[in-house]
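Reader: I'd like a close look at just one part of this model. Could you walk me through a single helix, what it packs against, and then any empty space you find worth a mention?

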Amino acid sequence: MKQSQLFTKTRKEAPKDEVAKNAELLIRGGYIHKEMAGVYTYLPLGLRVLEKINFIIRNEMNKVGGQEILLTSLQEKDAWEKTNRWVTNPDVDVWFTTKLKNETELGLAFTHEEPLTRLMKEHIRSYRDLPVYPYQIQTKFRNESRAKSGLMRGREFLMKDLYSFSKDEAEHSTFYENIKNSYLSIFKRVGLGNTTYVTFASGGSFSKYSHEFQTVTSAGEDVIYVDEKKGIAINKEVYTDEVIADLGVDKDTLIEKESVEVGNIFSLGTRFSDALELTYVNETGENVPVVMGSYGIGPGRLMGTVVEVLSDDKGIVWPKEIAPFTIHLVRISDKDGALKTADTLYKELISKNIEVLYDDRAEVRAGEKFADSDLLGIPYRFVMSDKLAEAGQIEIKERQSGKIEIISQNDLGAWLKQNAHYEK
Ligand code: ATP
Ligand code: MG
């Protein structure tokens with residue numbers, strides 16, 4: 001894509017009321033636009049990153065047998081009343097509500113156990129129909145009381161939510177362990193592998209614990225106790241001597257850290273299948289409740305977290321797999337030599353299926369282009385000047401390390417093979 005055609009502009013300052021680093025940098029780079037607190041629009045660059053995160057999540061969910069669906073935001077009350085999670089329950093204070101013209105009350109779903117469990121009654125009859133793993137990447141609405149963390153706490157935000165329907169506890173546990181590993185792969189692929197811990201958290205009525213995936217960052221709102229050796233953590237909510245003993249960790253080695261919950265997996269037992277009467281006929285002909293689990297990740301929160309954790313004082317640093325483009329080709333002269341060489345290089349990269357943003361803007365100073373390039377955080381910056389064009393060379397700077405190398409244009413193919421990945 002040519003930067004001269006990109007309608008978004010970078011800016012020097014973020015809005016005054018924006019306090020979160022992730023939103024500041026993403027707004028300044030033209031990735032997102034703030035509608036209001038906790039409500040953000042994704043612009044072309046931001047949507048590219050979001051879609052890459054979604055691609056990784058889909059890829060990992062499909063590997064464990066997930067089937068993608070898309071449930072509705074608008075909800076009537078019946079199913080939710082049966083589980084005691086409708087608007088009138090003051091413990092569930094996140095509902096946004098509205099009304100039909102005939103006064104029927106509706107809510108905008110903040111999660112989807114109820115409608116999906118009810119829907120599955122039409123499809124699950126016997127043990128032959130189980131297990132099954134529907135999931136979606138869908139917009140959730142939550143009337144969060146504090147929304148000051150940019151993309152990390154939205155009032156309208158995307159969630160990947162998968163729900164498991166299993167015959168019994170044993171089948172459920174096997175899947176639960178599988179998806180735990182899928183989650184770890186997802187966090188690794190988006191660049192948060194080293195800073196994300198499987199964290200023991202409160203489990204609800206059907207299991208002792210749920211598992212959260214907590215990424216260490218001072219921008220998070222949670223506190224965890226990390227056991228570095230075992231690579232696990234305990235959420236402060238359940239940090240008691242009893243739990244420490246139960247998990248066999250040594251209290252003296254635990255380190256307190258601030259973190260953000262990027263994912264959460266839950267064993268639900270038969271809480272929802274009992275309430276909504278989702279049963280199946282087992283091998284011996286009995287009618288028994290389906291055993292369920294739910295598994296959430298926020299793609300937007302993940303994007304915000306990557307910015308919090310990996311950016312530096314110059315701007316964003318995207319890991320390759322979720323960067324909006326792999327290469328930022330920056331032309332710093334409008335004269336014939338640089339212009340022709342850069343245009344040719346741009347075409348060549350495109351023909352090789354490399355995602356490239358070409359800063360072809362005329363009459364913009366080199367310093368400004370470089371500052372924009374650092375802010376945008378694309379993994380490799382290719383510079384083309386008159387001098388480099390004449391010498392048949394390209395200057396390449398790696399955004400993360402700042403390392404600069406100069407290669408001959410003839411060696412481009414070999415360089416790409418080593419550094420840019422082709423698979424789409
Ligand atoms: P928190 O405790 O941070 O409010 P939660 O426990 O209420 O989160 P879940 O219901 O477990 O969140 O949602 C599953 C996942 O969806 C979370 O792990 C997180 O990645 C994402 N998520 C939850 N709330 C938000 C939000 N307000 N904005 C963006 N992502 C969110
Ligand atoms: Mg949670």
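Author: In this predicted model, the buried residues of helix 9 are Ala338, Thr341, Ala342, Leu345, Tyr346 and Leu349. Look down the helix axis and those buried residues fall within an arc of 140 degrees, so they line one face of helix 9. Flip to the face turned away from that buried side and you meet the exposed residues Asp336, Lys340, Thr344, Lys347 and Ser351.

What does the buried side of helix 9 pack against? Quite a list: strand 17 (327-331), strand 18 (356-359), strand 19 (380-384), helix 11 (386-391), strand 20 (393-398) and helix 12 (412-419).

The length checks out too. Helix 9 runs over residues 336-351, and at 1.5 Å a residue its 16 residues should span 22 Å; the end C-alpha atoms are 22 Å apart, which agrees. Just past the helix, Asn353 takes a positive phi of about 70 degrees.

Now for the empty space. There's one cavity of 30 Å³ or more in the structure, and the volume of the largest cavity is about 30 Å³. Its lining is Ser373, Asp374, Ile378, Arg381, Lys397 and Arg399, which by class gives one nonpolar, one polar and four charged residues.

Arg399 also turns up in the lining of the second largest pocket, along with others including Trp318, Lys320, Tyr380 and Glu398. That pocket holds about 230 Å³ of space, and its lining has six nonpolar, three polar and three charged residues.

Technical notes: Residues are numbered from 1 along each chain as its sequence is written. Chains are lettered from A and ligands numbered from 1 in the order in which they are written. This is a predicted model: local features need pLDDT of at least 70, side-chain atom pairs count only at pLDDT 80 or more; totals for chains, interfaces and linings use all residues. Side-chain values use heavy atoms; hydrogens and water are left out. On a 1 Å grid over the protein atoms alone, a cavity is a set of points where a 1.4 Å probe fits but cannot get out, and a pocket is an open set with protein on both sides within 12 Å along at least five of seven lines; lining residues have an atom within 4 Å of a point. Grid points are joined across faces, edges and corners, and a volume is the space filled by probe spheres set on the points. Ala, Val, Leu, Ile, Met, Phe, Trp, Tyr, Cys and Pro count as nonpolar, Asp, Glu, Lys and Arg as charged, and the others, Gly among them, as polar. Helices (H or I, at least four residues) and strands (E, at least two) are DSSP runs, numbered from the N terminus. The expected span of a helix is 1.5 Å times one less than its number of residues. Buried means under 20% relative accessible area, exposed over 50%, partly exposed in between (1.4 Å probe, protein chains only). The arc is that of the directions from the helix axis to the C-beta atoms. Contact means heavy atoms within 4.5 Å.
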